[in-house]
Amino acid sequence: MAKNGFNIRRLVKIVLTVAGILTLLVLGTGWYLNQHWNKLLKRELQGYVSDLSDSLYSVKFKDLHLDVLSGSVTIEQASMVADSAVYQRLLAQQRAPSDVYTISVERLEIKYFKPWRYFIGKNLSAGFLTVTGPSIILEQNATVKDTSKPKTAYQNISTKMKSIFIGKLVLDSTNVKYVFIRKDSSRVIHQFHNLRVRINDFLIDSVALDDPTRFLYARNYEIGMKDYMNRTRDSLYWMNVRGIRYDAALRTLHVARFELQPRYDRAAFQRKNGVQQDRFEVVFNDISLHNLNPRLLLQEQQIWAQRVNIQSGKVDIYRDRTLPMPPGNKLGQYPHQLLAKLNTPLNIDTLNGSNINLQYTELSPVTGKAGKINFSHVHGRFHHITNIDSLVAKNKHMTADLDAVFMQSGKLTARFDFLLNDKAGRFDVAGQLNNMNGKDLNVITQPLGKIEIKSCDIRELTFNIKGDERKASGHVKLLYQNLKIAVLKQDKDHEGYKRKGLISFVANALVIKSDNPLKDEKVRTADVNYTRDIQKSFFNLVWKTLFTGVKDIAGAGNL
């Protein structure tokens with residue numbers, strides 16, 4: 001037993017001794033390699049940049065530390081700048097690049113770095129690269145002429161390395177300044193602050209550029225911007241844009257939420273203006289711009305997108321009609337006329353909006369009460385939204401197809417056709433409303449017209465209207481049953497309404513037609529001509545034209 005105990009103790013001692021020796025060897029080797037490869041890496045990093053850029057760029061850093069055992073590399077306060085003298089020489093030789101970079105970073109950290117593959121096999125491989133506080137200035141000069149044969153990224157590195165692979169690259173709190181010099185030497189400058197950049201599966205080797213699953217050598221680039229908040233130019237609204245993210249591989253810009261919120265409540269807003277002005281509250285959720293062209297956006301300030309989707313939202317408009325009308329008029333302010341005046345060239349092939357709630361509220365100067373028009377669950381598709389002359393010459397029609405629930409019960413569909421670049425602002429609109437309870441209109445008719453609809457079953461309303469910025473004409477057909485109304489008077493304290501019994505009786509018995517068609521009669525329709533009040537909006541003209549036809553059919557034209 002003693003002998004066995006001695007053997008066990010001796011074995012443990014041997015194992016511990018060997019483990020200690022191996023540990024010392026590993027630590028010693030790691031220390032040696034750290035010292036040797038740190039010096040080598042510092043020298044090679046600076047040499048790589050200088051050689052690959054034909055001495056145009058130089059790299060400086062405060063400190064570089066390689067930890068062989070943990071597979072990490074840390075670089076503190078690094079920068080890469082261009083040598084102006086070298087750039088002038090390359091310009092004279094017509095070999096200068098059109099893009100010039102100035103880059104600085106607070107800290108760069110590489111994790112899961114494989115030093116053996118790098119120093120022995122010349123393959124740079126790392127699982128994770130984090131760049132903290134990068135500042136990037138990119139100047140792109142369209143006047144520069146480069147006659148040298150362009151090289152791919154792999155051709156640039158192939159004399160030094162076989163490949164570069166980074167599993168995930170993260171740039172936090174990134175500031176970017178982009179300067180584009182046009183061929184006429186004019187400048188376009190964009191600045192972006194606190195960007196979040198994520199690059200997945202980045203690979204440069206002999207075949208990566210031809211890999212159809214990669215975009216600029218990576219599986220994807222995702223660029224997120226901080227939330228944007230600012231006051232509008234007239235200082236009446238806050239504009240908030242939240243959750244901004246650009247997916248480079250899909251060329252898609254995502255916005256989680258857009259808000260236009262008044263800075264003042266309804267009463268204060270009206271006091272601020274002193275005249276009638278629409279007050280807007282707008283919220284759009286989950287917006288995506290597909291196939292957005294970033295080059296045209298950054299270099300030419302043009303917005304080109306194949307499709308824009310808005311998943312949900314609301315638009316709430318309020319107007320106080322007790323105030324005086326503003327000076328001037330609203331000529332030239334139809335949707336397609338405003339599009340033509342927009343300073344930014346715009347081309348969106350299709351805009352889809354879904355589940356939008358639209359409400360318009362108007363305070364009556366007669367009753368002192370507000371009437372509301374509501375469109376819920378609005379779905380719309382707009383086609384050919386553009387103000388670019390060459391595209392308008394090919395197709396002059398911007399169309400909008402809409403469907404909604406009108407006033408809680410009516411099923412409404414409508415199609416708008418706007419004639420682009422037409423000086424008179426010509427348009428067509430056709431639509432249909434089905435199966436609506438007429439009593440739902442009382443929230444409009446009571447405060448704005450002192451009329452109560454006691455009963456009315458609207459089976460079908462169809463309309464076709466053509467117009468321009470001064471007038472409209474159209475054909476209206478309304479099929480309904482059981483129309484009965486009450487003419488109201490308002491209490492002196494404006495707190496409620498009372499029915500005018502005699503006038504209501506006369507209206508129902510002698511004026512209002514209870515059905516369309518009446519028994520043994522043809523269906524009544526109306527042909528309408530309406531002159532626009534040029535101080536009021538496009539939608540006011542459409543509504544007034546339609547409502548005139550409805551009143552004529554119902555026999556209420558004089559009420």
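## Close-up views of a predicted model

**View 1. The lining of the second largest pocket mixes seven nonpolar, three polar and one charged residue.** This is a predicted model, so please read each view as a prediction. Rolling a probe the size of a water molecule over the atoms shows where empty space is left. Here, about 150 Å³ of space lies in the second largest pocket. Which elements each supply at least two residues of its lining? They are α2 (84-92), β3 (99-111) and β5 (135-141). If you would like to find the lining residues for yourself, look for Ala82, Tyr87, Leu91, Ser98, Val100, Tyr101, Thr102, Ile137, Glu139, Asn141 and Val144.

**View 2. Helix α2 has buried residues on one side and exposed residues on the other.** Let us look at the helix that we met at the pocket. Val86, Tyr87 and Leu90 are the buried residues here. Why do they sit on the same side of α2? They cover an arc of only 100° around the axis, and that puts them together on one side. An α-helix has 3.6 residues a turn, so residues three or four places apart point the same way. The buried residues of α2 pack against β3. Turn to the other side of the helix, and you will meet Ser84, Ala85 and Ala92, which are exposed. Tyr87, buried in α2, is also one of the residues that line the second largest pocket.

**View 3. Asp83 caps the N-terminal end of α2.** A side-chain oxygen of Asp83 lies 2.9 Å from the backbone nitrogen of Ala85. Now follow the chain to the far end of the helix: just after α2, Gln94 takes a positive phi of about 55°.

**View 4. His190 is a buried residue of the model.** You can find His190 in strand β7 (residues 187-204). Is His190 buried or exposed? It counts as buried because its relative accessibility is 18%, and the cut-off for buried is under 20%. The side chain of His190 reaches the backbone oxygen of Leu298 at 2.7 Å. Leaving aside neighbours within four places in sequence, His190 is in contact with Val176, Lys177, Tyr178, Leu297, Leu298 and Gln301.

**View 5. Helix α5 has buried residues with strands among their cover.** Which residues are buried in helix α5 (residues 266-273)? They are Ala268, Phe269 and Gln270. The cover over these buried residues includes β10 (237-247), β12 (279-290) and β13 (303-320). Just after α5 comes Gly274, with a positive phi of about 80°.

**View 6. Ser185 and His377 each have a positive phi, and Pro517 follows a cis peptide bond.** Most residues other than glycine have a negative phi, and most peptide bonds are trans. With that in mind, start at Ser185, in the loop between β6 (163-181) and β7. Its phi is positive, about 75°, although it is not a glycine. Ser185 is exposed, with a relative accessible area of 52%. Next comes His377, in strand β15 (residues 370-386), where phi is near 50°. At 45% relative accessibility, His377 counts as partly exposed. The last stop is Pro517, in the loop between α10 (501-511) and β22 (525-531). The peptide bond from Asn516 to Pro517 is cis, with omega near 5°.

Methods
Residues are numbered from 1 along each chain as its sequence is written. This is a predicted model: local features need pLDDT of at least 70, side-chain atom pairs count only at pLDDT 80 or more; totals for chains, interfaces and linings use all residues. Side-chain values use heavy atoms; hydrogens and water are left out. On a 1 Å grid over the protein atoms alone, a cavity is a set of points where a 1.4 Å probe fits but cannot get out, and a pocket is an open set with protein on both sides within 12 Å along at least five of seven lines; lining residues have an atom within 4 Å of a point. Grid points are joined across faces, edges and corners, and a volume is the space filled by probe spheres set on the points. Helices (H or I, at least four residues) and strands (E, at least two) are DSSP runs, numbered from the N terminus. Ala, Val, Leu, Ile, Met, Phe, Trp, Tyr, Cys and Pro count as nonpolar, Asp, Glu, Lys and Arg as charged, and the others, Gly among them, as polar. Buried means under 20% relative accessible area, exposed over 50%, partly exposed in between (1.4 Å probe, protein chains only). A polar contact is a pair of N or O atoms within 3.5 Å; within protein, one must be able to donate a hydrogen and the other to accept it, and residues adjacent in sequence count only if both atoms are side-chain atoms. Contact means heavy atoms within 4.5 Å. The arc is that of the directions from the helix axis to the C-beta atoms.
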